[in-house]
Amino acid sequence: MYCNQCGKVIQDDAAVCAYCGIRVGASLARRKLIRPRQGRKVAGVCLGFSEYFDVDVTLVRVVWLVASVTTVIGLLSYPIAWIVMPEEPLPLAAPANAQQVTNS
């Protein structure tokens, strides 16, 4: 199988490209509607919806822009979603006294 983003050969059962980190194939969408910390433009609302419904983020942004320009509901829904949608939790750091694993 090939990655559509970088074009490199990846494993047939891979959900994420090992080279560029993009999701490939029919991978499962997120289970929760959250605002991711990585890759967002303003608040991560469109990116959160795109990952939840497993569609392209550009499509979600264009649809949201058209809805915002044409209707008041589209304009008001973004700040409401910004407030209501929880942010992705911070990744846990390794304890300071943890030993590093070395290959010898």
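At what angle do helix H1 (residues 45-53) and helix H3 (residues 72-84) pack, and how far apart are their axes? In this predicted model, the two helices meet at an angle of about 75 degrees, and 10 Å separates their axes. Angles of 65 to 115 degrees count as roughly perpendicular, and H1 and H3 are therefore roughly perpendicular to each other. On the H1 side, the contact is made by Val45, Cys46 and Phe49, which meet Tyr78, Ala81 and Trp82 of H3. The residues of this contact comprise six nonpolar ones, with no polar and no charged residues.

Attention can now turn to the second largest pocket, which holds about 180 Å³ of space. Its lining is made up of 13 residues, and those closest to the pocket centre are Val42, Cys46, Arg61, Trp64 and Tyr78. Cys46 and Tyr78 also take part in the contact of H1 with H3 described above. Two or more lining residues come from each of H1 and helix H2 (57-70), and H2 gives the most, with four residues. In character, the lining of this pocket is mixed: eight residues are nonpolar, two are polar and three are charged.

A final look at helix H3 brings in Ser77, which lies within this helix. Is Ser77 buried, partly exposed or exposed? With a relative accessible area of 25%, Ser77 is partly exposed, because the partly exposed class runs between the 20% and 50% limits. Ser77 and Ala67 are 10 residues apart along the chain, and their C-alpha atoms are separated by 9.6 Å.

Notes:
Residues are numbered from 1 along each chain as its sequence is written. This is a predicted model: local features need pLDDT of at least 70, side-chain atom pairs count only at pLDDT 80 or more; totals for chains, interfaces and linings use all residues. Side-chain values use heavy atoms; hydrogens and water are left out. Axes are lines fitted to C-alpha atoms, for helices over the stretch in contact, and angles run from 0 to 180 degrees between N-to-C directions. Angles under 35 degrees count as roughly parallel, over 145 as roughly antiparallel, 65 to 115 as roughly perpendicular and the rest as oblique. Contact means heavy atoms within 4.5 Å. Ala, Val, Leu, Ile, Met, Phe, Trp, Tyr, Cys and Pro count as nonpolar, Asp, Glu, Lys and Arg as charged, and the others, Gly among them, as polar. On a 1 Å grid over the protein atoms alone, a cavity is a set of points where a 1.4 Å probe fits but cannot get out, and a pocket is an open set with protein on both sides within 12 Å along at least five of seven lines; lining residues have an atom within 4 Å of a point. Grid points are joined across faces, edges and corners, and a volume is the space filled by probe spheres set on the points. Buried means under 20% relative accessible area, exposed over 50%, partly exposed in between (1.4 Å probe, protein chains only).
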